[in-house]
Amino acid sequence: MQNDSLYILWDTETTGRRKVSDIIQIGGVCYLGDDQQSEFNHKIKPTTPVEQGAFNVHKISTSSLQNEKSFCQVFEMFVSWIINISNQFTGLNIYMVAHNGHAFDLPMLFRNCSRHNSQRNMLLSIPNLFVFDTLRWCRYTLKRKNNSLGSLYREFTDQTFRGAHDACADAKAI
C-alpha cells in the first residue's frame, strides 16, 4: 500500500442476509502504507434475532449481544473513528476497503442507517473518502473460480485463515 493514502479495511457481521437483517459487528483496521495505525471492533445489540444460518457462519448468538451498544451508537463511533483518522492525516485520500463491500457490507450499512434513523451522511460527508471492493477487483482482475476471502488469504500468504467471520479478523485478512 502507498504512504500517500489511508486504507480502512472493514467488515460487518449480521443477523442474516435479508434486507431487514441487523449488523451485529463492525470491524476495521486502518493502515498508512504497511503500518497499522488503529483498529475498530465493536459488537452491536440487534433488534432482530440472529438467524440460524448466520449463527452457523459466525457463531455469534442473539443472547451474547444483549449487553452491547445499539447500532446508532456503534455507527456513530465508527464514523468518529474514521473522522479522527482523517483529521490526523489531513489531505490524504481514505480508501474504505471491504471484500464484497459493494454488494453486501455497504448496502447493509446504509439500510441499517435508514432503519435505525442514523445519519449515513455522516460517513458520506468525510472528504476524500472512496470505497473499494476487493471481491469485485478479484473477479475482474484475477479471474479465479474461488474468490472467497479465505481462499485468497491462503493463496497470497501460504497460511490458513483463522478467525474467519469475525468482522475485525476478516478486515485484517483483506
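This section describes the central sheet of the predicted model, followed by the helices that pack on the sheet and the loops that carry positive phi values.

The sheet is open and consists of five strands in the order β3-β2-β1-β4-β5, with mixed pairing. The edges are occupied by β3 (35–43) and β5, each of which has a single partner strand, so one side of each is left without a neighbour in the sheet. On average, neighbouring strands of this sheet are turned by 20 degrees against each other, direction ignored. Strands of a sheet pair through backbone hydrogen bonds, in either a parallel or an antiparallel arrangement.

In the sheet order, strand β1 stands between β2 and β4. Ten of the ten residues of β1 (residues 5–14) are buried, so this strand is largely enclosed by the rest of the structure. The side chains of S5, Y7, L9, D11 and E13 point one way from β1, and those of L6, I8, W10, T12 and T14 point the other way. Burial extends to both sets, among them the acidic residues D11 and E13.

The two pairings of β1 differ in direction: β1 runs antiparallel to β2 and parallel to β4. Nine bridges join β1 to strand β2 (residues 23–32), whereas five bridges join β1 to strand β4 (residues 93–98). Residue I8 of β1 has partners on either hand, with C30 as its bridge partner in β2 and M96 opposite in β4. Elsewhere along β1, T12 stands opposite I26 in β2, and L6 stands opposite I94 in β4.

The sheet continues from β4 to strand β5 (residues 129–133), to which β4 is joined by five bridges in a parallel arrangement. Within this pairing, M96 stands opposite V131 of β5. M96 is thus placed opposite I8 of β1 as well as opposite V131 of β5.

Two helices were examined in relation to the sheet. Helix α3 (101–115) lies across β1, β2, β4 and β5, and runs at about 75 degrees to β1. Helix α5 also packs on the sheet, where α5 touches β4 and β5; the direction of α5 makes about 50 degrees with that of β5.

Helix α6 (residues 149–157) contains the buried residues L149, S151 and L152. These residues cover an arc of only 160 degrees around the axis, which puts them on the same side of α6. The cover over the buried residues of α6 includes α5 (134–141) and α7 (167–173). At the N-terminal end, α6 is capped by S148, a side-chain oxygen of which lies 3.1 Å from the backbone nitrogen of S151. S151 therefore takes part in the cap through its backbone nitrogen and belongs to the buried residues of the helix.

Just after α6, D158 takes a positive phi of about 60 degrees, a positive value in a residue other than glycine. D158 is placed in the loop between α6 and α7 and, at 72% relative accessibility, counts as exposed. A positive phi is also found at N100, where the value is near 75 degrees, again in a residue other than glycine. N100 is located in the loop between β4 and α3.

Terms used. Residues numbered from 1 in each chain as written. Predicted model: local features only at pLDDT ≥ 70, side-chain atom pairs only at ≥ 80, totals over all residues. Heavy atoms only, no water. Buried < 20%, exposed > 50% of the residue type's maximum accessible area, 1.4 Å probe, protein only. Helix = DSSP H or I, 4+ residues; strand = E, 2+ residues; numbered from the N terminus. Pairing = 2+ DSSP bridges. Arc of directions from axis to C-beta. Contact = heavy atoms within 4.5 Å. Polar contact = N/O pair within 3.5 Å; in protein donor to acceptor, adjacent residues only side chain to side chain. Axes fitted to C-alpha atoms, helices over the stretch in contact; angles between N-to-C directions.
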